[in-house]
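Colleague: I would be grateful for a close look at a single part of this model and at what surrounds it. Please explain each term as you come to it, since a first-year student will be reading along.

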Amino acid sequence: MKLSRRLLNKMSLKEGTTYIVEPKGEHTHSIVFLHGLGDTGSGWRDIFQQVQSVYFPFCKVILPTAPIQPITINFGQSCNAWYDITSLSSRDNLDDKEGIDNSKSILYSHIEKELNVNNIPSENIIVGGFSQGGATTLYSAFQYPEKFAGVIALSSYLPFKNSFGENIHDNNKDTELFMAHGTSDSVVKLEWAQTSFEVLKNDHDIKGEFHPYHGLEHSLDMNVINDMVSFIKKMFEKENNDD
């Protein structure tokens, strides 16, 4: 089979540095969290260090960094990105499926390391992300063949939502979702996030929470962080109670 030059280029993209927030004491749970466009895993380290030490010290937080690649909306300039973005006017015609599939493989490799090297059950793992990282997470998490403790998507949307249902794995149909979005977000529009949540909930029976934050732009604040922490604690406690 002959592969396209574009696909070969995507396959050759190398992941950047992974930043780790180590657990305090026995390691029993993990979070894998993907940053947004142009950021790195380091950009989320301080936030997770603060909340992890107080609320879930038993949890290891893995913060991968996306490959560096040209971005169409940035006039072809390169930055850390989970996939190419060709337009900010609509997400329905996202055309970089090869890029997002490559990033799905990166996410899965971190999950499988937790499963196979660190012996963390999948039910003790939460996957999440912000913006482009959250979109990659939404696309990837519900396709994974082993159940997660939960899924987090901040300021995000679901790519390929019209054909997404055929890829959902039965084991993650009951995995709960937390979505948070600012009502003043001009980068990822609120309606994209709301539509994504409605598709997941109404068309595919995904359970979860959608939290709009009045006046918040494409960012996060303490309200988002506090609600995210509450969701993480609830999901970890739920999985422990189910054991």
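Modeller: In strand β7, the residues G150, I152 and L154 point one way, while V151 and A153 point the other way, and all are buried. Here, strands (E, at least two residues) and helices (H or I, at least four) are DSSP runs, numbered from the N terminus. Buried stands for under 20% relative accessible area, exposed for over 50%, and partly exposed for what lies in between, with a 1.4 Å probe and protein chains only. Because 5 of the 5 residues of β7 are buried, this strand is largely enclosed by the rest of the structure. The model is predicted, so local features need pLDDT of at least 70 and side-chain atom pairs count only at pLDDT 80 or more, whereas totals for chains, interfaces and linings use all residues. Residues are numbered from 1 along each chain as its sequence is written, and side-chain values use heavy atoms, with hydrogens and water left out.

What lies beside β7? On one side, β6 and β7 run parallel and are joined by 5 bridges; two strands pair if DSSP finds at least two bridges between them. G129 has A153 of β7 as its bridge partner. Between these two strands the chain passes through α4, and this β-α-β crossover is right-handed: with the strands pointing away from the viewer, the path from the first strand over the helix to the second runs clockwise.

β7 (residues 150-154) also pairs with β8 (residues 177-182), in the parallel sense and over 4 bridges. I152 has F178 in β8 as its bridge partner, and L154 stands opposite A180 in β8. Helix α4 (residues 132-141) packs on the sheet, where it touches β2 (29-34), β6 (125-130), β7 and β8; contact is counted for heavy atoms within 4.5 Å. The direction of α4 makes about 140 degrees with that of β6. Axes are lines fitted to C-alpha atoms, for helices over the stretch in contact, and angles run from 0 to 180 degrees between N-to-C directions.

The wider sheet can now be described. It is an open sheet of 7 strands with mixed pairing, in the order β1-β3-β2-β6-β7-β8-β9. At its edges are β1 (19-21) and β9 (208-213), each of which pairs on one side only. Neighbouring strands are turned by 15 degrees against each other on average, direction ignored.

Aromatic rings also take part in this picture. The structure holds 12 aromatic pairs, meaning rings of Phe, Tyr and Trp (its six-membered ring) whose centres lie within 6.5 Å; planes under 30 degrees apart count as stacked, over 60 as edge-to-face and the rest as tilted. One of the pairs is W44 with F130, a tilted pair with 5.5 Å from centre to centre and 45 degrees between the planes. It links distant parts of the chain, since F130 is in strand β6 and W44 in the loop between β2 and α2 (45-55), 86 residues apart. W44 and F130 are both buried. A further pair, F197 and F210, has ring centres 5.6 Å apart and planes at 50 degrees, so it is tilted as well. Because F197 lies in helix α5 (residues 190-204) and F210 in strand β9, this pair ties together parts that are 13 residues apart in sequence. F197 is buried, at 11% relative accessible area. Ring pairs also join F33, W44, F48 and F130 into a cluster.

Charged side chains make further links. There are 5 salt bridges in the whole structure, each a side-chain nitrogen of Lys or Arg within 4 Å of a carboxyl oxygen of Asp or Glu. One of them joins K60 to E114, whose closest N and O atoms are 3.3 Å apart. K60 belongs to strand β3 (residues 59-63) and E114 to helix α3 (residues 97-116), so this pair ties together parts that are 54 residues apart in sequence. Both K60 and E114 are buried.

Within α3, K97 and D101 meet in a salt bridge of 2.9 Å, N to O. These two residues are 4 residues apart, about one turn of the helix. D101 also forms a salt bridge with K104, at 3.9 Å between the closest N and O atoms. K97, D101 and K104 are thereby linked in a network of salt bridges. K97 is partly exposed, at 37% relative accessible area, and D101 is partly exposed at 22%, whereas K104 counts as buried at 16%.
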